[in-house]
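This report walks through a two-chain model, chain by chain and contact by contact. Please keep the sequence and the 3D view open while reading.

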Amino acid sequence: MSNNSANILDIKNIEVRYDNVILALHDVSLKVPKGKVVALLGANGAGKSTTLKAVSTMLASERGKVTNGSIEYDGNAIEKQTPSQMVGLGMVQVLEGRRCFGHLTVEENIISGAYSRKLSKGDINQELEKIYTYFIRLKERRKSQAAFTSGGEQQMIAVARAMMAKPKMLLLDEPTMGLAPQLVAEIFNIVKELNTKEGVSILLAEQNTNVALKNSDYGYIIETGRVMLDGTAESLLNDDKVKELYLGISKKGRKNFRDVLKEESLKKKSN
Amino acid sequence: MVDELLFFMEVLVGGLLAGTMYSLVALGFVLIFKASATFNFSQGAMVFFSVLAFCGFMQDFNIPFVLAFILAALLMVVVGLCTERLVLRPLMNASEDTVLMATIGLGYVLEGLAQAAWGVEVRRLDLGIGDFPVPWIADNLKLFISALDITAGLVAAIMIIGLFLLFKYTKIGLGLRAVADDAGAASSIGIPLKHIMLLVWSAAGVVALVAGCMWGARAGVQFALVDLALKALPVLIIGGFSSIPGAIIGGLIIGAVEKVLEVYIGPFFGGAIEGWAPYVLAIFFLLYRPEGLFGEKIIRRV
C-alpha cells in the first residue's frame with residue numbers, strides 16, 4: 001500500500017455506539033489512498049453503513065457517536081463537523097436506498113447537489129452538461145419526476161446529485177442494491193469513469209463482493225463491527241477464504257456460511 | 001328572481017373573499033408542515049403575538065404604520081430564530097410527535113409573552129380600510145362587498161404568488177423542497193437544515209403577521225385570534241397540508257360553503273351553522289380524500 005500522506009481518508013481503530021449503548025463498530029481501521037476505489041465488504045449488519053456514516057458525520061442524526069479512535073480526512077481530523085461542512089470539504093455520501101427527492105424533477109434533484117457551492121446559473125448549467133456526459137440516460141429523463149424513474153435511474157440521480165457538489169471523495173452505500181445485473185455493471189462503469197476522469201476517491205460499501213472487488217483497487221471485509229481481512233482487490237478475489245465465504249466458490253464444492261465459520265473456529269482453537 | 005341571484009352572488013363572493021382570510025392563516029401552517037412534517041400548533045399564537053406587537057409598536061410607542069409593520073416582521077424573524085435554536089435544534093432527532101407537542105408549548109409561551117408585554121385588553125387596529133361595502137361595486141354591480149374582504153383577497157394573492165416564485169425559482173426554495181421530501185438526503189448533500197428551518201419559521205411568522213392584520217382589523221386584536229388556528233384545520237384538511245395552492249383553495253371553499261350554508265340551510269338548524277359546517281365538510285374529506293385536494297400524494301413505485 002502507498003504511504004500515509006497519500007491517503008485521503010485514514011480511519012484508525014474507531015469504535016461506534018448508538019444511543020451510548022449499542023456497540024455497532026468494535027475496531028475498524030481503513031485507509032483510502034488518493035484517487036483510488038476502496039471496497040468495504042460484508043453482510044447485513046456488519047457495520048458498513050455505520051463506518052460510512054461515521055466518516056460523513058451523518059451518525060449524529062441517528063444518535064450514533066464515534067466513542068474511540070480517530071478519522072482523518074484530507075489531513076484533518078473529523079470531529080465536530082456537520083454533514084454540510086463535510087460536503088463543503090469535498091466529502092459527499094450517497095446514502096443507502098438512493099433517497100432521491102421524489103417530488104422534484106430529475107434535473108432539480110441533480111441541481112440540488114450544488115446547494116453548498118456558490119455558482120451562477122450559467123456555471124450550474126455548465127456543470128449539469130458535464131454531469132450528463134456520464135449519465136446520458138438522465139438527460140433524456142431530466143423533466144420527469146424522480147419518484148417515477150426506475151431503480152437504476154434513481155441510483156444514477158443520487159450519484160449525479162452527489163457529483164454536483166464537486167467532491168474529492170465519494171462514499172457510496174450499496175449503490176447496486178436491488179438492481180438487475182446489467183444495471184449493476186452500468187453503475188459500476190459510471191463509478192469507475194468518475195474515478196478515473198474526475199479523480200474522485202471512492203469508498204464503497206457493497207454486499208455484491210464479486211462485482212465490487214472487480215471494480216476496486218483495494219478491499220476490506222468487515223464482520224460484526226471488525227475488519228476481518230484486507231488486501232488488494234486482486235488478492236482478495238483469489239483468496240480461498242473470500243471465495244468460500246463471499247463468492248460461493250469452493251474447491252470442495254459449495255458450502256454454506258455456517259460451515260465455514262465452524263471450520264474457522266475449529267482452526268483457531270487448534271492454533 | 002334576479003334579486004335572488006344577485007343575493008346568492010353576494011353571499012358567494014363575500015364568502016370567497018372571507019375565505020381568503022382563512023387561507024392566509026392556513027398558509028403559515030403549510031410552510032412549516034412542508035419543511036418539518038409537523039402541524040404547528042403555535043401558528044394561532046404567532047398570529048396573535050405578531051399583530052399585538054404591531055399594534056403595540058404603533059399605539060404605545062407612536063411608531064408610524066410602515067415602520068411598525070417592518071419591526072413586527074423583524075420580531076417574527078427573531079421568533080423564528082429563537083424557535084430554531086431553542087426548540088427545533090435540540091429536538092432534531094426527536095420524532096415528529098415530540099415536535100408537535102413542542103409547538104403546543106411554544107404556543108403558550110408566545111401567548112403569555114405577548115400579553116405580558118402588551119397587556120390583555122382588546123385593541124383596535126385601523127388599517128385605513130373600512131369593513132363596509134365598496135360604493136362603486138354596490139352601485140355598478142349591485143353587490144355589497146366589504147373593502148376589507150377585497151383587500152384580504154388581494155393580499156392573499158400577492159403572498160401566494162410571492163411564495164410560489166420563492167419555492168420554484170430560488171436556490172433556497174429548491175433547498176426547502178428537497179428538505180420537505182427527504183431531510184436526511186438533503187443534509188447528506190450539504191443543504192443546511194437549520195437555514196431552511198429558520199427561513200420557514202420566519203416566513204410563517206411574517207405570514208402570521210399579515211393574517212393577524214386582516215383579522216385584527218375585522219374582529220379587533222384580541223386573544224380570540226389564537227383560536228383562528230382552529231378554523232385553519234378544516235381548510236388544511238380540504239386543501240392538503242403540504243400544498244400552498246391547497247391552502248388557498250381550501251380557504252375559498254370553506255369561506256364560500258360556510259356562508260352559503262349559513263344563509264340557505266342555517267335557518268333549518270336555528271342558525272349559526274357557520275361554526276361547525278366546515279368541520280363536517282372536513283370529515284367527509286378525511287373519509288374520502290385524506291390527502292386533501294392538492295396534498296402531495298405519497299408516490300410509491302410499484
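## Two buried loop residues in chain A

Glu174(A) counts as buried, because 23 C-beta neighbours lie inside 10 Å. A residue is buried if 20 or more other C-beta atoms lie within 10 Å of its own, exposed if 12 or fewer, and partly exposed in between, with C-beta atoms placed from the backbone. Glu174(A) sits in the loop between strand E7 (169–173) and H7 of chain A. Its phi is positive, about 45°, although Glu174(A) is not a glycine.

Thr57(A) is also a non-glycine residue with a positive phi, here about 65°. It lies in the loop between helix H1 (48–56) and strand E4 (64–73) of chain A. Thr57(A) counts as buried, with 24 C-beta neighbours inside 10 Å.

This is a predicted model, in which local features need pLDDT of at least 70, side-chain atom pairs count only at pLDDT 80 or more, and totals for chains, interfaces and linings use all residues. Residues are numbered from 1 along each chain as its sequence is written, while chains are lettered from A and ligands numbered from 1 in the order in which they are written.

## The two chains

Chain A has eleven helices and ten strands. Helices (H or I, at least four residues) and strands (E, at least two) are DSSP runs, numbered from the N terminus. Chain A has a radius of gyration of 19 Å, close to the 18 Å that the globule rule gives for 271 residues, so it is as compact as a globular protein of that length. The radius is taken over C-alpha atoms, and the rule is 2.2 Å times the number of residues to the power 0.38.

Chain B has twelve helices and zero strands. Its radius of gyration is 20 Å, which agrees with the value near 19 Å for a compact globule of 302 residues.

The table gives burial and long-range contacts. Two residues are in contact if their C-beta atoms, placed from the backbone, lie within 7 Å. The last column is the share of contacts with a separation of 6 or more that join residues 24 or more positions apart.

| Chain | C-alpha box along principal axes | Buried residues | Contacts 24 or more apart |
|---|---|---|---|
| Chain A | roughly 65 × 40 × 35 Å | 44% of 271 residues | 69% |
| Chain B | about 65 × 60 × 35 Å | 47% of 302 residues | 75% |

## Where the chains meet

The contact between the chains takes 26 residues from chain A and 20 residues from chain B. On the side of chain A, the elements that give two or more residues are helix H2 (83–88), strand E6 (91–94), helix H3 (106–112) and helix H6 (151–163). H2(A) gives the largest share, four residues. By class, this side of chain A has twelve nonpolar, ten polar and four charged residues. Ala, Val, Leu, Ile, Met, Phe, Trp, Tyr, Cys and Pro count as nonpolar, Asp, Glu, Lys and Arg as charged, and the others, Gly among them, as polar.

Helix H7 (residues 171–181) of chain B is mostly covered, with eight of its eleven residues buried. Among them are Leu174(B), Arg177(B) and Asp181(B). The buried residues of H7(B) pack against H3 of chain A, and against helix H1 (2–36), helix H6 (147–169), helix H8 (183–188) and H9 of chain B.

## Helix pairs

Two packed helices are described by the angle between their axes and the distance between the axes. Axes are lines fitted to C-alpha atoms, for helices over the stretch in contact, and angles run from 0 to 180 degrees between N-to-C directions.

In chain A, the axes of H6(A) and helix H7 (residues 181–198) come within 10 Å and cross at roughly 10°. That makes H6(A) roughly parallel to H7(A). Angles under 35 degrees count as roughly parallel, over 145 as roughly antiparallel, 65 to 115 as roughly perpendicular and the rest as oblique. Gly152(A), Gln155(A), Val159(A) and Met163(A) of H6(A) meet Leu183(A), Glu186(A), Ile187(A), Ile190(A) and Leu194(A) of H7(A).

In chain B, the axes of helix H3 (residues 65–88) and helix H9 (residues 193–219) come within 8 Å and cross at roughly 140°. That makes H3(B) oblique to H9(B). The residues of this contact of H3(B) with H9(B) comprise 13 nonpolar, four polar and two charged.
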